[in-house]
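Reader: I am new to this structure and should like to understand the terms applied to it. May I put some questions to you while we look at it together?

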Amino acid sequence: MNAMIVPIASPTPQSATSDAEAVLSWIAKRYSCREFDGSTIDPEIVDAIIESGLQAPSSCNQQNWHFVAVSDSALKKRAREISGGNHHFEFCSVLIYLCFQKGWTHDKFSVVQSVAAACYQMMISAHLRGYASIWNAGIGDTKAIAKMLGIPPTFEIQGALCIGSPKPTAPAVKAPRRPRGEVWSWNKFQRPHHAIYPARPAQEYPFFRITNSKNPFAEWRPRVWGWDRVADFRGYSVWAKSPIAGVYRSRRQGDATSVEVGLLSDVPPGARVLDVMPWGGTHTTELIRKLGPEVEVDVAELAQANLSFIQERLRQEGISRPVGEVIIKDGHIPLAPGSIDVVTMFQVLEHAPEPEKLLDEVHRILKPGGTALISVRNLLSLYGWSYLRTESKACVPNQGPFVPIAAGRVRAMVASRFGIEREIGISLRAEADAAVYEGRLARRMCRLFALRVVKP
């Protein structure tokens, strides 16, 4: 039987109404949710959401997509394990794996685009029905997923879509969008300098030579990026994480955060502490918990988006005290000379386009006798070797470009400006370990080199 072809009346520009604007406004409120309450959704509603996705355009109208909806608790838990830590895989109502039949990409990823279009239409359908969602490209070992779900090798698993009801405490925050004029232009390509990230010079940049783990064109040197581009990159990409309490902390850090913060001596009531460039606020959380309630805390970051993320992270962590916000511009910290009692700067200098300028700023804003805590990833360590051999061959991470700095060089930069009260090394291993070493040789061979210094 031939399929019935139903003619569709095309709307005219004049038919646009305030109702359409209201729907579009509601769609724009959709946000990514990573905290679901674990409740179930009627399978018929899930079917309706997926069917909404089927109305999206597909390459050559072949509809070579396939969607595997997973609601079984054991399978969702296994999906979380395979993903390497996406806890929302386990607690969403339904996890939908996005697949396509291989062989119809037309060299322009047309079938990939088709699946993406269908996925977004499902997200809008879920949103309009009162459910939250998030799509994920990082799903883990696709072979393990295929084995778990019986997906044949002729189908590619592109990603996964989580749908469900958010926890009452889940961050209901939409990640920031770039302003008008940054991501589109008329009649020719125009984009602001700060929103075009640098790459190593080359005649061309073939797409298939670039992967997340191997990018020969990646530029890791912050001085090449400059302050404006580092600020732009970090400010938007921090939202690739989620400001959920106790989640999305660095696995490399392990317990090192506590060790770094533990360098802090007692801070008297009324003192003012500045946490410089903490990116996602993990260090800020630990720092505030260590300080007394009468200590004033400010955070200095390169972009407002970082500060907004950190404020939400602190709220999610149960920290209700006010935290001041400072925007660093071109390496300048806009605070009065001698206005700060303590500065913390954990793993920051290696991200700075001008590390010595940043140290000068810290010296300027510190009171005489004021303290600074400084840590860096050490180039002359097992981690530094791993960075040069493997990590730096990949794409720049969401924290932004950085190059580890040799402990001896850091010490020389710091000693020319401050008095050193204590210096330690953290972990002789490349990652995870947080053992402390204080011997002169050992501490300069550790993954992290940390100091407590005082302004004369």
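Reader: Why does Arg-234 count as buried?

Author: Arg-234 has 2% relative accessibility, so it counts as buried; the term means under 20% relative accessible area, with exposed meaning over 50% and partly exposed lying in between (1.4 Å probe, protein chains only). Please note that this is a predicted model, in which local features need pLDDT of at least 70 and side-chain atom pairs count only at pLDDT 80 or more, while totals for chains, interfaces and linings use all residues. Residues are numbered from 1 along each chain as its sequence is written, and side-chain values use heavy atoms, with hydrogens and water left out.

Reader: What makes the pair of Arg-234 and Glu-301 a salt bridge?

Author: The definition asks for a side-chain nitrogen of Lys or Arg within 4 Å of a carboxyl oxygen of Asp or Glu. Between the side chains of Arg-234 and Glu-301 the N to O distance is 2.9 Å, so the pair satisfies that definition. The two residues belong to distant parts of the chain, 67 residues apart: Arg-234 is in helix α7 (residues 222-237) and Glu-301 in strand β6 (residues 296-301). Helices (H or I, at least four residues) and strands (E, at least two) are DSSP runs, numbered from the N terminus. Glu-301 is also buried, because its relative accessible area is 0%.

Reader: How do you know that Arg-272 forms a salt bridge with Glu-296?

Author: The closest N and O atoms of Arg-272 and Glu-296 are 3.8 Å apart, and the limit is 4 Å, so the pair qualifies. This pair links strand β5 (residues 272-276), which holds Arg-272, to strand β6, which holds Glu-296, 24 residues apart. Glu-296 has 42% relative accessibility and therefore counts as partly exposed.

Reader: What does the salt bridge of Arg-417 and Asp-360 tie together?

Author: The side chains of Arg-417 and Asp-360 meet at 2.6 Å, N to O. Arg-417 lies in the loop between α13 (407-415) and β10 (419-426) and Asp-360 in helix α11 (residues 355-365), so the pair ties together parts that are 57 residues apart in sequence. Arg-417 is buried because its relative accessible area is 15%, whereas Asp-360, at 39%, is partly exposed.

Reader: How many salt bridges does a search of the whole structure find?

Author: The search finds 21 salt bridges.

Reader: Why is His-87 called buried?

Author: His-87 has a relative accessible area of 9%, so the term buried applies. The residue is found in the loop between α3 (73-83) and α4 (88-91). Its side chain makes a polar contact with the side chain of Glu-35 at 3.1 Å. A polar contact is a pair of N or O atoms within 3.5 Å; within protein, one must be able to donate a hydrogen and the other to accept it, and residues adjacent in sequence count only if both atoms are side-chain atoms.

Reader: How many disulfides does a search of the whole structure find, and how far is the sulfur of Cys-119 from the closest cysteine sulfur?

Author: The search finds zero disulfides, a disulfide being a pair of cysteine sulfur atoms within 2.5 Å. The sulfur of Cys-119 is 10 Å from the closest cysteine sulfur, in Cys-162, which is too far for a bond. Cys-119 is buried because its relative accessibility is 5%, while Cys-395, at 25%, is partly exposed.
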